[in-house]
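Could you walk me through this protein model, residue by residue, with an eye on its surface and its interior? A guided tour follows.

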Amino acid sequence: MSPQARSWRAALLDVPPIYTVAAAIAIGDAAGNFRIFAPESIALALIASAIAAYLIRRARLGYLLALLALASSATIPVRHLLAPPTAPNSIRSFPDGTKLTLQGFVAREPDQLPNLTHIFLEVTRAGRTGDDLRDTTGMVRVAALDRPQVSIGDEIRLSGRIRFPRNDGDPGEFDYQAFMARSGIDARLTAPERSFGTPAFEVVGRRRMPVAQAIERVRRDIGNFIDANFSGAPRAEMRALIIGDRGE
């Protein structure tokens with residue numbers, strides 16, 4: 001190795017790791033935004049090579065390989081965002097605006113907003129009619145207007161028109177489509193309001209999700225404690241600050 005290469009590598013290794021790691025991730029993210037994507041196999045090969053270099057006591061080489069692995073890995077989530085693979089049974093295989101019957105389970109704790117509840121439904125089956133459901137995958141954000149009481153793991157069935165996220169503004173404005181993709185949401189749907197005693201959807205079962213359900217119970221207990229000890233604006237502020245409930 002030439003003296004210039006040795007001095008360049010030594011200078012790089014003298015930089016605090018927090019900066020080199022941040023730079024590697026930023027370079028990978030930027031490359032992904034220019035649609036320069038590294039295959040997962042390349043990232044895995046670099047990780048294995050870095051580990052091997054450390055095992056044979058080539059720490060400097062291992063450090064450089066680890067940085068390259070970080071940069072390569074950082075392009076992967078950007079590829080899933082900008083060029084997501086579409087499975088044959090994805091919810092996106094239906095045309096935008098199709099009225100569907102969906103069945104799935106509540107995968108995240110519902111997001112309470114003023115006069116609105118967002119339910120994150122991991123779809124398992126979907127079809128144009130209730131009798132024509134087929135295996136389907138995807139996350140649908142359901143906007144329920146009557147603040148239903150649902151919990152993580154509840155299996156529900158409902159009907160409505162699906163809408164896929166898109167950007168309707170001018171170039172350079174807020175990228176709503178990218179925001180939804182980063183949130184893992186494939187489509188959105190507005191549930192009909194309760195009318196004549198008929199609920200917007202029905203709970204047809206319950207799925208065990210021990211960790212998520214335990215966390216949800218703790219958050220509910222904290223919310224009940226706040227409700228018992230505060231009222232009015234202080235209660236709303238405490239619920240928003242501590243458990244992220246924006247309903248009030």
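**A walk from helix to strand**

Let's begin with R182, which belongs to helix α5, the run covering residues 176-182. Keep in mind as you look around that this is a predicted model. R182 counts as exposed because its relative accessible area is 63%, and exposed means over 50%. It also makes a good starting point for thinking about the fold: R182 and V78 are separated by 104 residues in sequence, yet their C-alpha atoms are 9.2 Å apart in space.

Next, move along to R188, found in strand β7, which spans residues 187-190. With a relative accessibility of 31%, R188 is classed as partly exposed. R188 joins K99, R161 and R163 in forming a positive patch on the surface.

For a patch of another kind, turn to helix α3, which runs over residues 40-55 and contains L44. L44 is exposed, its relative accessible area being 58%. Together with I47, I51, L55 and I56, L44 makes up a nonpolar surface patch, and these residues have about 530 Å² of accessible area together.

Finally, let's step inside. T117 sits in strand β3, made of residues 116-127. Is T117 buried or exposed? Its relative accessible area is 0%, so T117 is buried, the cut-off for that class being under 20%. The T117 side chain has a polar partner: a contact of 2.8 Å links it to the side chain of Q112.

Conventions:
Residues numbered from 1 in each chain as written. Predicted model: local features only at pLDDT ≥ 70, side-chain atom pairs only at ≥ 80, totals over all residues. Heavy atoms only, no water. Patch = residues over 30% accessible without salt bridge, like charges linked within 9 Å, V, L, I, M, F, W, Y side chains within 5 Å. Areas by Shrake-Rupley, 256 points an atom, 1.4 Å probe, with all protein chains shown as cover. Salt bridge = Lys/Arg side-chain N within 4 Å of Asp/Glu carboxyl O. Lys, Arg positive; Asp, Glu negative; His and termini not counted. Charge placed at Lys NZ, Arg CZ, Asp CG, Glu CD. Helix = DSSP H or I, 4+ residues; strand = E, 2+ residues; numbered from the N terminus. Buried < 20%, exposed > 50% of the residue type's maximum accessible area, 1.4 Å probe, protein only. Polar contact = N/O pair within 3.5 Å; in protein donor to acceptor, adjacent residues only side chain to side chain.
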